Amino acid sequence: MADAPAPIISDPVPDHPLLRGRREIGRGESTIVVEAATVDGQERVYKILSSPTDYAYYTAADRPVGRHFPVVFADHGTAGRSSRGFPFHIVEVERLYPLPGSGETTDVATKISTAYFDACMMWRNLAQDMGRIALHHLTATPMGWADTVRESLQALEVFSDEYGALPDLIKADNLMMRKDGTLVFSDPVFME
Ligand SMILES: Nc1ncnc2c1ncn2[C@@H]1O[C@H](COP(=O)(O)OP(=O)(O)O)[C@@H](O)[C@H]1O
Ligand SMILES: [Mg+2]
């Protein structure tokens, strides 16, 4: 678990024909998000990813898919190299929204974050395996999840094991939602 907040990536948006003149709408430790064109009423963004784990989460053939996972429209290749030492990859993804202060979806997200945090505390002696074991604990213990949520947590566990990714379900902005209120695991993993 991160003790101090990780720094936000400070790179400029890389120069690429798809990205020129686009409005930046989000930024995290390793990702820059800019607005893309809306297609058939579906709002989209370009996620400019500098983490190989995030790139796998969005594009691997065996990436988790289903109701609670982000819809990916295209992989547009690379655009230069990030200060993180990896190339930037541009991936076109459905636009998501922050969770509101309260409501059903927010309650589920809060329950996931809290249960995950508690499980991490329980397994903190496992050091680098803590997050994955904690995630397993969430899927294996009856906690009253809706079936789709439990299945998604299981799919995340499989992905994390497969790709050596660490779950990151504590930071509130890694869980987002669609306009219709569906919870989406937007950025639930990071690199070891
Ligand atoms: N699909 C999306 N639609 C709109 N905004 C997004 C989307 N994905 C991420 N964001 C915004 O961009 C920020 C950084 O994205 P995130 O995927 O969490 O990157 P990082 O891996 O750097 O943490 C998020 O906190 C959120 O505000
Ligand atoms: Mg994030």
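Two strands pair if DSSP finds at least two bridges between them. β1 and β2 meet that condition, with three bridges in the antiparallel sense. The model described here is predicted. Three topics follow: the sheet, a pair of helices and the surroundings of ligand 1.

**The sheet**

- Five strands make up an open sheet. Their order is β1-β2-β3-β5-β4, and the pairing is antiparallel.
- The edges are β1 and β4, the latter spanning 72-81. Each of these two strands pairs on one side only.
- Neighbouring strands of the sheet are turned by 20° against each other on average, with direction ignored.
- A hairpin of three residues leads from β1 to β2.
- Within this pair, Arg 27 stands opposite Ile 32 of β2.
- In a regular strand, side chains alternate between the two faces of the sheet.

**The helix pair**

- Helix α3 covers residues 130-140, and helix α4 covers residues 147-163.
- The two helices pack at an angle of about 155°. Their axes lie 9 Å apart.
- Angles over 145 degrees count as roughly antiparallel. α3 and α4 are therefore roughly antiparallel to each other.
- The crossing of α3 and α4 is left-handed.

**Around ligand 1**

- Ligand 1 is surrounded by 19 residues. The closest are Gly 26, Gly 28, Thr 31, Asp 173 and Asp 187.
- Three elements give two or more residues to this shell: β1 (24-27), β2 (31-35) and β3 (44-49).
- β1 gives the most, with three residues.
- By class, the shell holds six nonpolar, six polar and seven charged residues.
- Both domains take part in the shell. Domain 1 (24-94) and domain 2 (104-191) each supply at least three residues.

**Where the topics meet**

- β1 links the sheet to the ligand: this strand is an edge of the sheet, and β1 also gives the most to the shell around ligand 1.
- β2 pairs with β1, and β2 too gives two or more residues to the shell.

Conventions:
Residues numbered from 1 in each chain as written. Chains lettered and ligands numbered in written order. Predicted model: local features only at pLDDT ≥ 70, side-chain atom pairs only at ≥ 80, totals over all residues. Near = placed C-beta within 6 Å. Helix = DSSP H or I, 4+ residues; strand = E, 2+ residues; numbered from the N terminus. Nonpolar A, V, L, I, M, F, W, Y, C, P; charged D, E, K, R; others polar. Domains from an automatic or database assignment. Axes fitted to C-alpha atoms, helices over the stretch in contact; angles between N-to-C directions. Parallel < 35°, antiparallel > 145°, perpendicular 65-115°, else oblique. Left-handed = near helix turned anticlockwise from the far one by under 90°.
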